[in-house]
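Here are a few short exercises to work through with the model open in your viewer. Try each task before you read its solution.

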Amino acid sequence: MDFNRSLAEEAQLKAQRRERFSNPEGERRYGELVAARARRRQQLAESTQAGARLIGTCTLMCPEFEREERELKNNLAPQELVPGTRTADAHKTVKTFHRSAAGNEEPLPEDLRTPDTLVRTVSYLIDQVIGKDPSMKSCHGFVRDRTRSVRQDFTIQNIRDARTVLACEQIARFHIASLHVLCGHPGFEEQQDMEQLRNTLKTLIELYADMRKHKGKGCANEAEFAAYYVVAHLRDQDAKRVAERLPRDVFCAPVVQLALRLHMLGDSSDATAVRMDPGNRFAAQNLATQFFRTLAAPHTPFLLACLA
């Protein structure tokens, strides 16, 4: 009897839970959006030439369809919720990164944010989200995913202008700060951030070259981020070759020369240390000492030291 009663109580609790979390209005709205997207996709297929460039029209940080879909599926981050509810805040919800996979539908123009919206999104993530949690312990994963989504929207639309440069520079600084602040923190996967940082810096090196080619002049922060590129590849000889191909004014900039010195000291100390001769071990220690003294020098920029 008690057993039957406990089963009945459990069934009642499950029914109450389903009712509490069900969202008939949200499901209806989602169904309407799905149908509207199918019609929109058909219209575009009939009116757009094959291979035409996609141009985003979304001026929100998260497209309406994604916001509705993630709210319905309870797939919102804490930073995106109206406080005390399970409802998405349209002013705080930010588009997620979408992995490419076979069978996925191509995005619609309304799924892609405009360049100005992308720049505004990065500023929001840094100023508002990280600004409320400078330790980044609770927001790092959220910001990393959403900044990756920003880069993805720029790439899909093939936007390569000053706004792309500005957004990528801010994203690169975020990754460098993360690598420093969260180093050794449980759950922090350094390799993931380093990979995204290197991808972002590679994009910036290419963007700077494009800007110089098409605009006839470089960008104000080119030397700073070229230096980050060199230091982010401390044990990669290709980094020096990339630096050697930089314009002369960038290559000769003090911060780039400093980065090349750190690259040389870091690489040389490792190469010397692997030999067993006592003299080589002493030389390796000396090179390592020079490396860390250079990092601690007053003229070494803070973020460069964080990255090294």
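**Exercise 1.** Work out whether asparagine 74 is buried, partly exposed or exposed in this predicted model, and find where it sits along the chain.

*Solution.* Start with the accessibility: asparagine 74 comes out at 44% relative accessibility. Buried means under 20% and exposed means over 50%, so asparagine 74 counts as partly exposed. Next, the location: asparagine 74 lies in the loop between helix 3 (64–72) and helix 4 (115–132). Now check the backbone: asparagine 74 has a positive phi of about 50 degrees, although it is not a glycine.

**Exercise 2.** Do the same for methionine 136: is it buried or exposed, and what is its phi?

*Solution.* Methionine 136 is in the loop between helix 4 and helix 5 (140–157). Its phi is positive, about 65 degrees, and again this residue is not a glycine. For accessibility, the relative accessible area of methionine 136 is 4%. The cut-off for buried is under 20%, so methionine 136 is buried.

**Exercise 3.** Describe the surroundings of threonine 164: which element holds it, and which residues does it touch?

*Solution.* First, place it: threonine 164 belongs to helix 6 (residues 162–181). Then take its relative accessible area, 3%, which makes threonine 164 buried. Leaving out residues up to four places away in sequence, threonine 164 touches Phe154, Ile159 and Leu207. Finally, look for a polar partner: the side chain of threonine 164 reaches the backbone oxygen of isoleucine 159 at 2.9 Å.

Terms used:
Residues numbered from 1 in each chain as written. Predicted model: local features only at pLDDT ≥ 70, side-chain atom pairs only at ≥ 80, totals over all residues. Heavy atoms only, no water. Helix = DSSP H or I, 4+ residues; strand = E, 2+ residues; numbered from the N terminus. Buried < 20%, exposed > 50% of the residue type's maximum accessible area, 1.4 Å probe, protein only. Polar contact = N/O pair within 3.5 Å; in protein donor to acceptor, adjacent residues only side chain to side chain. Contact = heavy atoms within 4.5 Å.
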